[in-house]
Amino acid sequence: MPPRLRLRSLVRLAELQLERAPSRSAYTCNRCQYATAATVPAPSDEQIHASIPALSRYAPATPPSFRNPAYRKSQLLRSYVSLLQTTPLIVLFQHTNLKAAEWVGIRRELASALRKLDTQLAAQGAPPEALIAEHIKLEVIKTNIFEPALRITEFFKPGDLPPETLSGLSGISSEKEDPSLTHALSAAAYKAASAHKGEHPLTPVLQGAVAILTLPAVSPTHLKAAFSILSPQAPAFPAPTRRMVPSYYDQPVQDGLKKLLLLGARIDGQIFDMEGTRWVGSIDGGIDGLRAQLVAILQGFGAGITTTLESASRNLWFTMESRRNMLEEEGNPKDQ
């Protein structure tokens, strides 16, 4: 009688295969081609939260704003903040009821004088980045918007804010007050500017009608040429002669210049009054001339220190020498 063979069920065979191959996480039946999942422990809450990527609640190009970006005032504020952050030299003028024809004539003469200066500098071998006449603009500003832009630029420093990680909107009453938003229209910028209301040095100046002259670089040479047109003052800033520039003496241009008044300037973040602004424009040779003056001052200062130190040692030597001579005379008295 043949021996009996004990056949195992398909379920038992699957369990044996899983025990022999612990690295496999599922068993696939050869007959039905269905996968049977192995028993895997449930992940913890920390693993679940760590595996979920952080999702942004808004598009990167359109973050929520505390001020409504659809308003023209909001966009004008953004443009003023960008202008103040990127322009190292801004000169302020007060203007009183200038007509359109007067503005056209003043801007025409200013652009013509600056182009002539660039032509001269190019003939002298100046580098292309020093020719900035085409980027110098004279424009009228809205003082009630320019003044908050000044406070945002001066007092709002996003780099000084403590880093905060977003974990939903818990503790934040509105998405607009998210502390990670640091653009010019954000709630953080608004609070920083409001905390220093009326504290900026240019706040008293920004009253009434104000125009600004913007230069993309601190160039005393171009500033001097601009002052010779907008605010001439002999002998530092002489106006062009009638023979050289007859259009400068047209009636609309002269009437407009009488209504312009120099107020001051903001140069590399520093505030200058009228006299300080004229001093910057009167530097001979521009930046190179200023460097030469600084080198001369440092050399004179070093020479003064050397002279002072030498005078002390020289006086000491004379004193010791005179004392030695006196002792020698006392030791060797002369015959009477």
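These questions and answers cover a predicted model of one protein chain, from confidence to sheet to helix packing. Local features need pLDDT of at least 70, side-chain atom pairs count only at pLDDT 80 or more, and totals for chains, interfaces and linings use all residues. Residues are numbered from 1 along each chain as its sequence is written, and side-chain values use heavy atoms, with hydrogens and water left out.

Q: What is the mean pLDDT of the protein chain?
A: pLDDT is the predictor's confidence in each residue, from 0 to 100. In this chain, 68% of the residues reach 70 or more. The mean is 78.

Q: Which strand has the lowest confidence, and which the highest?
A: Strands (E, at least two residues) and helices (H or I, at least four) are DSSP runs, numbered from the N terminus. The lowest mean, 48, belongs to strand S2 (residues 35-37). The highest, 95, belongs to strand S5 (residues 210-215).

Q: How many contacts does the model have for residues 165-171, beyond four places in sequence?
A: Contact means heavy atoms within 4.5 Å. The pLDDT stays under 50 over this stretch. Where pLDDT is low, the predicted coordinates should not be read in detail. With that caution, the number of contacts in the model is six.

Q: In what order do the five strands of the open sheet lie?
A: Two strands pair if DSSP finds at least two bridges between them. The pairing in this sheet is antiparallel. Strand S4 (137-141) and strand S7 (270-272) are the edge strands, as each pairs on one side only. The order is S4-S5-S3-S6-S7.

Q: Which residue of S5 is the bridge partner of phenylalanine 93?
A: Strand S3 (residues 89-95) pairs with S5 in the antiparallel sense. Six bridges hold this pairing in the model. The partner of phenylalanine 93 is alanine 211.

Q: Which residue of S6 is the bridge partner of histidine 95?
A: S3 and S6 run antiparallel and are joined by seven bridges. S6 is mostly covered, with six of its eight residues buried (under 20% relative accessible area, 1.4 Å probe, protein chains only; exposed is over 50%, partly exposed in between). The partner of histidine 95 is leucine 260.

Q: Which residue takes a positive phi in the hairpin of S6 and S7?
A: S6 and S7 pair in the antiparallel sense over three bridges. Arginine 266 stands opposite isoleucine 271 in S7. The hairpin has two residues between the strands. The residue with a positive phi, near 55°, is aspartate 268.

Q: At about what angle does helix H7 run to S3?
A: Axes are lines fitted to C-alpha atoms, for helices over the stretch in contact, and angles run from 0 to 180 degrees between N-to-C directions. Helix H7 (residues 220-230) lies across S3, S4, S5 and S6. Its angle to S3 is about 5°.

Q: How many of the 11 residues of H7 are buried?
A: H7 is mostly covered. Its buried residues include Leu223, Ala226, Phe227 and Ile229. The number buried is nine.

Q: How are H5 and H6 oriented to each other?
A: Two packed helices are described by the angle between their axes and the distance between the axes. The axes of H5 (residues 143-155) and helix H6 (residues 187-195) come within 8 Å and cross at roughly 100°. Angles under 35 degrees count as roughly parallel, over 145 as roughly antiparallel, 65 to 115 as roughly perpendicular and the rest as oblique. H5 and H6 are therefore roughly perpendicular.

Q: At roughly what angle do the axes of H7 and helix H9 cross?
A: These axes come within 7 Å. Pro220, Leu223, Lys224 and Phe227 of H7 meet Thr277, Arg278, Val280 and Gly281 of H9. The axes of H7 and H9 (residues 274-281) cross at roughly 115°.

Q: Is serine 74 buried or exposed?
A: Serine 74 lies in helix H3 (residues 72-86). Not counting residues up to four places away in sequence, serine 74 touches Arg67, Asn68, Pro69 and Leu185. Its relative accessibility is 5%, so serine 74 counts as buried.

Q: Is threonine 119 buried or exposed?
A: Threonine 119 lies in helix H4 (residues 100-123). Its C-alpha is 8.5 Å from that of leucine 131, 12 residues apart in sequence. With a relative accessible area of 54%, threonine 119 is exposed.
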